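Work through the following exercises with the sequence and the coordinates at hand, and compare each step with its solution.

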Amino acid sequence: PGVTVHHIGGHSKGLQAVRVKTARGDVVLASDSAHLYEHLDQNKVFPITYNADDAVSGYAKLRKLAPSVNHIIPAHDPAVLQRYPAPTDALKGWVARLDVAPTL
């Protein structure tokens, strides 16, 4: 309960994203459907992509799944670790708490 999986497509044909209920609302783990925040913000497509049109359509799907763009977490952006706090000081730079609002 509280976890759903959604077909996004684009980067790869069967690509999926995961939506998780958290204390701050639904958080969407975009997986490789959005590698970086820049991809979402500017509708940019990763250079190696199965279907570019599906990739851009996938960004719209991610936005519908999330209460706001601040609830979408791209797969490879180092900024995730800057925007979200670590659960402990020892895990800073390695692990981020996505159940709390971003600090930036």
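**Exercise 1.** Determine what share of the protein chain counts as buried.

Solution. Of the 104 residues of the protein chain, 32% count as buried, where buried means under 20% relative accessible area, exposed over 50% and partly exposed in between, with a 1.4 Å probe and protein chains only. The model is predicted, so that local features need pLDDT of at least 70 and side-chain atom pairs count only at pLDDT 80 or more, while totals for chains, interfaces and linings use all residues. Residues are numbered from 1 along each chain as its sequence is written, and side-chain values use heavy atoms, with hydrogens and water left out.

**Exercise 2.** List the secondary structure elements in order, and then assess the compactness of the protein chain.

Solution. Counting DSSP runs (helices: H or I, at least four residues; strands: E, at least two; numbered from the N terminus), one finds three helices and four strands, which follow the order β-β-β-α-α-β-α from the N terminus. The radius of gyration, taken over C-alpha atoms, is 13 Å, close to the 13 Å of the globule rule for 104 residues, so the protein chain is as compact as a globular protein of that length; the rule itself is 2.2 Å times the number of residues to the power 0.38.

**Exercise 3.** Locate W94 relative to the helices and decide whether W94 is buried or exposed.

Solution. W94 lies in the segment after helix 3 (79–83). Its relative accessibility is 72%, and therefore W94 counts as exposed.
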